[in-house]
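Me: I'd like to learn how to read helices, loops and buried residues in a model. Could you walk me through one?

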Amino acid sequence: MKSLAIMVILGLLIIVAFIISMNSGYIKLSPLQVLKTLFGGGTAKESLILFDFRLPRIVISVLVGAGLAVSGCILQGITRNGLADPSILGIVSGAGLVVVLFISYFPSTSPSSVFLLPFLAFVGASLTAALIYALAFKKGEGISPIRLLLNGIGVSAGISAAMLVLTLRMSPENYKFVAVWLAGSIWGTSWKFVIALFPWIVILLPFSFYKARVLNVLNLNEQTAAGLGAPIEKERLFLLATAVGLAGSCVAVSGGIGFVGLIGPHLARRLVGPKHQLLLPTSALAGGLLLIIADTLARSIADIPTGVVVAIIGAPYFLYLLARSKA
């Protein structure tokens with residue numbers, strides 16, 4: 001009952017943050033103006049601001065926050081390392097590389113390109129994950145969680161260097177866009193981006209919740225998990241693919257936002273404990289709440305990239321976790 005109450009509270013906080021976010025931004029709208037506009041009584045300008053710009057961005061913030069947090073929770077479960085995160089493991093960098101290449105060299109405003117972006121991000125993230133998995137695999141031993149994490153950090157650094165070289169060869173307009181995108185800007189602020197992201201979240205989140213018991217088993221040591229009859233490598237591969245799909249599709253519309261997949265699961269773990277049946281949905285709620293707050297602050301303070309606000313919160317927390325890590 002306590003865990004259910006916590007999830008309800010997080011859900012209510014998301015609703016409160018949602019309402020505050022509708023009233024926040026460069027152009028101020030009072031609560032009364034927002035309420036009137038929601039029920040069709042606002043001016044054309046107020047309707048444009050609320051329905052065409054703010055609401056899609058707020059919805060995307062919640063979806064991306066939930067997706068990245070659950071992706072991070074899965075990665076922490078399969079690596080048995082609390083420092084695992086889609087951005088740290090290189091999955092965000094791999095997805096971002098493909099998306100940036102597509103946007104920079106094949107610019108298109110057609111609706112089909114919007115729906116193509118999550119697939120391209122998934123391909124980039126999958127190729128990166130496959131490379132990390134292959135590098136971490138050792139014959140006779142399988143996958144070591146520590147090797148997986150260290151190889152992910154190394155591959156991420158290599159991809160970041162490649163992206164830096166690519167950005168130096170871009171036009172000033174493309175360079176500016178890519179720089180903001182890499183910092184983590186929720187740039188997909190229209191309903192078509194919501195529609196493009198929604199199927200990935202709706203399919204992969206329930207699947208990850210379904211696999212909660214498997215994650216509980218994988219959190220045990222290799223011998224115990226194998227003794228319980230779990231096909232360790234097969235399940236780890238399925239879960240890795242799920243984490244990659246969530247992170248890749250989110251990156252396609254949010255840019256390189258980091259640390260949500262790190263902070264969300266840790267906050268959820270403190271609230272409901274390590275059992276994944278509770279941890280995964282709580283992580284989704286915590287991640288959604290974190291990102292909607294960060295995006296509201298980013299729009300209200302100085303219209304800075306959302307990823308910068310998340311990094312201001314996440315970087316010190318990551319250093320704190322690193323200091324406490326027994327490794």
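Reply: Sure, we'll take a few helices, then some single residues. Keep in mind that this is a predicted model.

Me: How do two packed helices get described, and how do helix 3 and helix 12 cross?

Reply: In general, two packed helices are described by the angle between their axes and the distance between the axes. Here the axes of helix 3 (residues 44-79) and helix 12 (residues 260-272) come within 7 Å and cross at roughly 75°. An angle from 65 to 115 degrees counts as roughly perpendicular, so these two helices are roughly perpendicular to each other.

Me: Which residues make that contact?

Reply: On the helix 3 side they are Gly-65, Leu-68, Ala-69, Gly-72, Cys-73 and Gln-76. Helix 12 brings Val-260, Gly-261, Leu-262, Gly-264, Pro-265, His-266 and Arg-269. Sorted by type, the contact residues of the pair come out as six nonpolar, six polar and one charged. For the spacing, remember that an α-helix has 3.6 residues a turn, so residues three or four places apart point the same way.

Me: What about helix 12 itself: how far does it reach, and which of its residues are buried?

Reply: Its 13 residues reach 18 Å from the first C-alpha to the last, close to the 18 Å expected at 1.5 Å a residue. The buried ones are Val-260, Gly-261, Leu-262, Ile-263, Gly-264, Pro-265, His-266, Ala-268 and Val-272.

Me: And what is going on at the two ends of helix 12?

Reply: Look at the backbone there. Phe-259 is found in the loop between helix 11 (232-254) and helix 12, and its phi is near 75°, a positive value in a residue other than glycine. With a relative accessible area of 19%, Phe-259 is buried, since the cut-off for buried is under 20%. Just after helix 12, Gly-273 takes a positive phi of about 90°.

Me: How do I check a helix length, say for helix 8?

Reply: Compare the expected span with the distance between the end C-alpha atoms. The 20 residues of helix 8 (residues 191-210) should span 28 Å at 1.5 Å a residue, and the ends are 29 Å apart, which agrees.

Me: Where does helix 8 bend?

Reply: At Leu-197, by about 30°, with a proline, Pro-199, following within four residues.

Me: Which residues of helix 8 are buried?

Reply: Phe-193, Val-194, Ala-196, Leu-197, Trp-200, Ile-201, Leu-204, Leu-205 and Ser-208. Take Leu-205 as a case: at 11% relative accessibility, that residue counts as buried. Leaving aside neighbours within four places in sequence, Leu-205 is in contact with Ala-66, Val-70, Trp-200 and Leu-246.

Me: Back to helix 3, then. Are Ser-61 and Phe-51 buried or partly exposed?

Reply: One of each. Ser-61 lies in helix 3 and, at 0% relative accessibility, counts as buried. Phe-51 is in helix 3 too, but at 29% it counts as partly exposed.

Me: What do those two residues touch, beyond their neighbours within four places in sequence?

Reply: Ser-61 is in contact with Ile-186, Gly-288, Leu-291, Ile-292 and Asp-295. For Phe-51, the partners are Thr-37, Leu-38, Pro-56 and Trp-191. Sequence separation and spatial distance are worth reading together: Phe-51 and Leu-38 are 13 residues apart along the chain, and their C-alpha atoms are separated by 8.4 Å. For Ser-61 and Leu-240, 179 residues apart along the chain, the C-alpha separation is 23 Å.

Me: Can I read a loop residue in the same way? Where does Gly-42 sit?

Reply: You can use the same steps. Gly-42 is in the loop between helix 2 (31-38) and helix 3. At 22% relative accessibility, Gly-42 counts as partly exposed. Apart from neighbours within four places in sequence, Gly-42 is in contact with Lys-36, Thr-37 and Ser-47. Its C-alpha is separated by 9.7 Å from that of Leu-32, 10 residues apart along the chain.

Terms used: Residues are numbered from 1 along each chain as its sequence is written. This is a predicted model: local features need pLDDT of at least 70, side-chain atom pairs count only at pLDDT 80 or more; totals for chains, interfaces and linings use all residues. Side-chain values use heavy atoms; hydrogens and water are left out. The expected span of a helix is 1.5 Å times one less than its number of residues. The bend at a residue is the angle between axes fitted to the seven residues ending there and the seven starting there. Buried means under 20% relative accessible area, exposed over 50%, partly exposed in between (1.4 Å probe, protein chains only). Axes are lines fitted to C-alpha atoms, for helices over the stretch in contact, and angles run from 0 to 180 degrees between N-to-C directions. Angles under 35 degrees count as roughly parallel, over 145 as roughly antiparallel, 65 to 115 as roughly perpendicular and the rest as oblique. Contact means heavy atoms within 4.5 Å. Ala, Val, Leu, Ile, Met, Phe, Trp, Tyr, Cys and Pro count as nonpolar, Asp, Glu, Lys and Arg as charged, and the others, Gly among them, as polar.
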